[in-house]
Amino acid sequence: VESALPAGTSHCNDFDPSTAPEINSSGNSENWMVLSVAGEKPVPRFNHAAAVVGNRMIVVGGESGNGLLDDVQVLNFDNFSWTSASSKLYLSPSSFPLKIPSCKGHCLVSWGKKALLVGGRTDPGNDRVSVWAFDIETECWSVMEAKGEIPVARSGHTVVRANSVLILFGGETAKKKKLNDLHMFDLKSLTWLTLQCTGTRPSPRSNHAATLYEDKTLFIFGGASKSRTLNDMYSLDFETMVWSRIKIRGFHPSPRAGCCGVLCGTKWYIAGGGRHTETFIYDILKSEWSMAIASLPSSITTNKGFSLVLMQHKDKDFLVVFGGCRKEPSNQVEVLIIEKNESSMGRQYNPGKSAGKRSASQPVINASSHHSVDSAVGQNLASVIDHGSGRRSLSDLSLADQNPLSGNVSLRKQFHNKEEYNTSVRITKSSEDLSSILQATEQKTNQTDAGVEANAPGTKIRSDESFLYECENSNPRVEGITSIPVGNNNFVFPEVEGKAGELSAPSSIYYEMRMAALSRRNGILEVQLGAAMASRDTIERNLASALKSKEEMEKRLADTVKEMDLLKEKLAGIELAQEEANNISNIVHSDNVRLEHDVAFLKAVLDDTQKELHSTRGVLAGERARAFQLQVEVFHLKQRLQSMENRAPTPRKPFNV
């Protein structure tokens with residue numbers, strides 16, 4: 001395997017940038033392998049946090065042999081080299097540069113081009129959970145001024161992201177108190193909110209594993225409680241806000257704390273948790289556990305406090321672990337290739353697939369990035385579909401109305417042109433104009449035989465371009481007249497047979513041409529008007545059908561609202577019934593407890609009474625024995641007395657015993 005060696009074997013840290021590092025599945029791909037990287041390696045550490053942003057793995061803080069750390073280390077997956085972020089400062093709202101606190105047991109979640117640091121045990125310490133944002137482009141930290149119900153400071157908790165919301169669960173306070181509370185942080189409004197849930201809540205714990213599936217279900221596994229290590233699993237449905245414990249049949253992992261997990265499709269990979277060498281897979285759909293591999297004892301997955309992320313390189317999925325501590329802190333990087341048949345299910349949950357594809361080198365972070373990004377992509381696709389349907393309906397409507405609209409525009413244009421024509425064409429019928437036209441006609445008759453050119457400044461004829469176009473296209477032919485071109489201020493009359501001063505024939509022909517043009521225009525306008533009326537009827541019918549559809553939709557909406565009200569009433573009734581059932585259950589439970597106390601008390605009294613009765617029986621038996629002895633003595637005394645009376649000659653006084 002290029003740039004990767006089996007975990008536990010010796011390897012060379014030298015890196016040649018000229019040879020592009022490449023991870024492939026040849027060789028030992030069924031176990032954890034040590035990744036050879038270039039650059040200055042980070043300080044060995046454990047109890048740190050890591051997340052994948054873009055094509056880089058961001059490592060923040062942790063604990064070394066000399067104390068807590070506050071640095072930021074970056075592993076570039078393109079050239080597989082380590083770099084250290086240059087900036088360790090951030091700007092507070094008051095614009096004072098402050099140093100980022102050293103921390104361990106915190107969580108790191110990606111959000112766009114930022115890595116969010118949530119909680120952890122810091123130096124100096126805080127009373128409440130703080131949220132920091134690291135911009136990978138500017139390499140600058142900034143604190144997010146939160147408000148609302150800010151959770152108490154803690155470490156060993158878990159944080160997952162659903163779109164623009166962070167979900168925090170469990171952890172351990174500075175006084176070693178285990179927690180099982182659930183909180184939500186809105187990244188847009190910067191507000192914390194405590195979530196109230198029902199059902200079987202997980203016991204207080206820390207150093208557990210958590211993941212979010214399809215932005216709907218939160219899974220919690222393992223961890224450490226106050227007195228023992230756990231291997232139970234719980235799920236929270238965010239639609240009903242009900243906790244439930246998942247009962248696993250058959251094989252399941254042993255109790256463990258400090259394990260790490262990432263979700264790839266529908267399979268949740270769990271690694272580590274003490275000195276355990278197994279890497280497990282939990283199938284969410286089948287609700288079954290299976291063991292992926294058993295790593296070598298020298299692998300860093302047997303360390304405590306390592307980090308685990310999911311990345312993709314050249315269309316292959318890899319698990320990447322870093323750091324941890326066995327006897328000494330480590331700065332080693334190991335990878336595990338995920339087979340396609342393992343990660344093929346639920347491929348749509350990989351982040352970065354905004355258009356159904358993702359770049360081969362783009363890594364993924366954890367379950368929250370899988371599903372939160374896919375949720376945003378689904379919303380975007382839904383909005384595109386809605387808008388696309390709206391555009392199609394609008395385009396269909398425009399196509400349906402295209403002809404009527406053009407007909408209406410041309411109709412208005414025709415009426416507008418007609419008005420311009422009526423106002424622009426002015427003919428002054430005066431004797432002076434006629435005489436000037438006759439004089440011009442006589443002059444031109446003497447000069448040429450082809451036609452007569454008359455310039456009549458008193459006669460003004462103005463026409464618009466549409467009328468000129470129609471007159472030129474019509475080309476009327478009249479016997480004795482070749483053409484009558486119309487200019488701005490003059491006419492050109494051809495030679496007229498007869499007397500030179502007669503103008504009645506050209507004038508009548510001109511007016512006939514004009515009337516013919518107007519008649520043709522009138523016919524065209526009537527056709528267009530008929531088309532416009534037909535289009536209007538069609539539009540009215542479409543409008544009527546649209547109004548009818550609107551009424552039907554309003555009726556359906558009203559029915560849906562009524563059904564929703566009924567469902568709300570039923571839900572309220574169910575909630576009341578549930579509350580009554582809970583109250584009855586509490587009452588029955590309290591009665592059972594009281595009855596158990598009473599039965600225990602009566603049993604104790606009965607035991608004491610039996611003991612006293614037994615002792616009384618013993619005393620009574622003794623008294624009976626003494627009475628029997630007394631009777632025997634009395635009997636012997638009577639016999640002696642009788643014998644003495646028989647021996648004595650003289651009578652004696654009677655002796656009463």
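**Charged patch and aromatic pairs**

Arg275, Lys304, Arg326 and Lys327 together make up a positive surface patch. The model is a predicted one. Within this patch, Lys304 is placed in the loop that runs between β29 (288–294) and β30 (307–312). Aromatic contacts form the second topic, with a count of 10 aromatic pairs.

**Pair Phe169–Trp243**

- The ring centres of Phe169 and Trp243 are 5.6 Å apart and their planes stand at 50 degrees, so this pair is classed as tilted; planes would have to be under 30 degrees apart to count as stacked, or over 60 to count as edge-to-face.
- Distant parts of the chain are linked by this pair, as Phe169 belongs to strand β18 (residues 165–172) and Trp243 to strand β25 (residues 242–245), 74 residues apart.
- Phe169 has 1% relative accessibility and therefore counts as buried.
- Trp243, at 2% relative accessibility, counts as buried.

**Pair Phe221–Trp289**

- The rings of Phe221 and Trp289 have a centre separation of 5.1 Å and planes at 50 degrees, so the pair is tilted.
- Because Phe221 sits in strand β23 (residues 217–224) and Trp289 in strand β29, the pair ties together parts that are 68 residues apart in sequence.
- Phe221 shows 0% relative accessibility and so counts as buried.
- Trp289 counts as buried at 8% relative accessibility, the cut-off for buried being under 20%.

**Aromatic cluster**

- Phe221 and Trp289 are members of one aromatic cluster, which also includes Phe219, Phe251, Phe280 and Tyr282.
- Strand β29, which holds Trp289 of this cluster, is also one of the two strands flanking the loop of Lys304.

Key: Residues numbered from 1 in each chain as written. Predicted model: local features only at pLDDT ≥ 70, side-chain atom pairs only at ≥ 80, totals over all residues. Heavy atoms only, no water. Patch = residues over 30% accessible without salt bridge, like charges linked within 9 Å, V, L, I, M, F, W, Y side chains within 5 Å. Areas by Shrake-Rupley, 256 points an atom, 1.4 Å probe, with all protein chains shown as cover. Salt bridge = Lys/Arg side-chain N within 4 Å of Asp/Glu carboxyl O. Lys, Arg positive; Asp, Glu negative; His and termini not counted. Charge placed at Lys NZ, Arg CZ, Asp CG, Glu CD. Helix = DSSP H or I, 4+ residues; strand = E, 2+ residues; numbered from the N terminus. Phe/Tyr/Trp six-rings, centres within 6.5 Å; stacked < 30°, edge-to-face > 60°. Buried < 20%, exposed > 50% of the residue type's maximum accessible area, 1.4 Å probe, protein only.
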